[in-house]
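Good morning, and thank you for joining this group meeting. I would ask you to look at the sequence and the model together while I speak.

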Amino acid sequence: DALSRAARQRGVIITSDALGRVVFTEPGTDRADDLILGQNLLQCKNGEDDSDRFSLYRVLGDNSGGGSLGDTATVEQLSGVAANIIDSGVTRYRPKLIIADHNVDAATANARAQCEYRQALAKAQRVECLVRGWYQSNGRLWQPNELTRVTAKPLGLNSEELLIVSVTWSMNGREGEVSRLTLALRDGYDLPAEPESGSGKNGSSGGSMVGMSQEEFDKLFPSSM
């Protein structure tokens, strides 16, 4: 819960790398090969699953009093904070209520509601692809967190830009070497950041690791492998 809250405050997502380490990252901007059905794209299907989508995302929380004694806010400012995001694609009334786990204002609550909505939409509207080979035209393996353009007219995809969210490499006697890609909308992982509620002058209670390179991180937290 603490890691998830920290990720939301920075507007990043939590995943893992090939060594099993926890990674805080943002949606990638590197481009992979285009996928074209009938060429390098062998199969393609929609993986739609709306079970985690809701018609309304409602965030409820409270605000702090402000000041050293908590007495600088008005009664209106101290009253409950709420934000609502509607998913018009869900036609029946199916609300999701999120209770904020720290002090929030209207902007923070709205960012949290947007985050919940985007992630649910991205998970629901995924595309499953079977690609010939493990490597792209430049010799690199197919990797998660890269952008690709998909053309598959039977699915209504015409050079649609999607984010690779997972990759599985496999080999068998019938298909040979193939890569199974799961693709989703990049917007679902481009999350709005929430302001931190720390004790420092700028609302931060500790050092920042934003913008830290992988090399700097490895020096601070060397892998045991």
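I begin with glycine 11, which follows helix α1 and has a positive phi, near 70 degrees. Please bear in mind throughout that this is a predicted model.

Two further positive phi values deserve mention, each in a residue other than glycine. For asparagine 145, phi is near 65 degrees, although the residue is not a glycine. Asparagine 145 sits in the loop between β8, residues 127–132, and β9. With a relative accessible area of 26%, asparagine 145 is partly exposed. For serine 159, again a residue other than glycine, phi is positive and near 55 degrees. Serine 159 belongs to strand β10, and its relative accessible area of 33% makes it partly exposed.

Let me now step back to the chain as a whole. The protein chain contains four helices and eleven strands. It has 225 residues, and 31% of them count as buried. Among contacts with a separation of 6 or more, 68% are between residues 24 or more positions apart.

Returning to helix α1, which of its residues are buried? They are Ala7, Arg8 and Gln9. These buried residues pack against β1, β2 and α3.

The next topic is a pocket. The second largest pocket holds about 870 Å³ of space. Of the 29 residues in its lining, the closest to the centre are Ile13, Ile14, Thr15, Ser16 and Thr25. The elements giving two or more residues to this lining are α1 (2–10), β1 (13–16), β2 (22–25), α3 (106–124) and β10 (157–172). Which element gives the largest share of the lining of the second largest pocket? It is β10, with five residues. Sorted by class, the lining has 15 nonpolar, seven polar and seven charged residues.

I turn to the aromatic residues. The structure holds two aromatic pairs. In one of them, phenylalanine 54 and tyrosine 57 meet edge-to-face, with 5.9 Å from centre to centre and 80 degrees between the planes. Both phenylalanine 54 and tyrosine 57 are buried. The ring centres of tyrosine 57 and tyrosine 117 are 6.0 Å apart and their planes stand at 65 degrees; why is this pair called edge-to-face? The angle of 65 degrees settles the matter, because planes over 60 degrees apart count as edge-to-face. Tyrosine 57 lies in strand β5, residues 56–61, and tyrosine 117 in helix α3, so the pair ties together parts that are 60 residues apart in sequence. For tyrosine 57 the relative accessible area is 0%, so the residue is buried. Taken together, ring pairs link Phe54, Tyr57 and Tyr117 into a cluster. A charged neighbour completes this picture: arginine 94 lies over the face of phenylalanine 54, at 4.3 Å from the ring centre.

My final residue is alanine 152, found in strand β9, residues 147–152. Is alanine 152 buried or exposed? Its relative accessibility is 1%, so it counts as buried, the cut-off being under 20%. Leaving aside residues up to four places away in sequence, alanine 152 touches Leu37, Cys44 and Leu157. From C-alpha to C-alpha, alanine 152 and leucine 35 are 8.3 Å apart in space, while 117 residues separate them in sequence.

Conventions: Residues are numbered from 1 along each chain as its sequence is written. This is a predicted model: local features need pLDDT of at least 70, side-chain atom pairs count only at pLDDT 80 or more; totals for chains, interfaces and linings use all residues. Side-chain values use heavy atoms; hydrogens and water are left out. On a 1 Å grid over the protein atoms alone, a cavity is a set of points where a 1.4 Å probe fits but cannot get out, and a pocket is an open set with protein on both sides within 12 Å along at least five of seven lines; lining residues have an atom within 4 Å of a point. Grid points are joined across faces, edges and corners, and a volume is the space filled by probe spheres set on the points. Ala, Val, Leu, Ile, Met, Phe, Trp, Tyr, Cys and Pro count as nonpolar, Asp, Glu, Lys and Arg as charged, and the others, Gly among them, as polar. Rings of Phe, Tyr and Trp (its six-membered ring) pair if their centres lie within 6.5 Å; planes under 30 degrees apart count as stacked, over 60 as edge-to-face and the rest as tilted. Buried means under 20% relative accessible area, exposed over 50%, partly exposed in between (1.4 Å probe, protein chains only). A charge sits over a ring if NZ of Lys or CZ of Arg is within 6 Å of the ring centre and within 35 degrees of the ring normal. Contact means heavy atoms within 4.5 Å.
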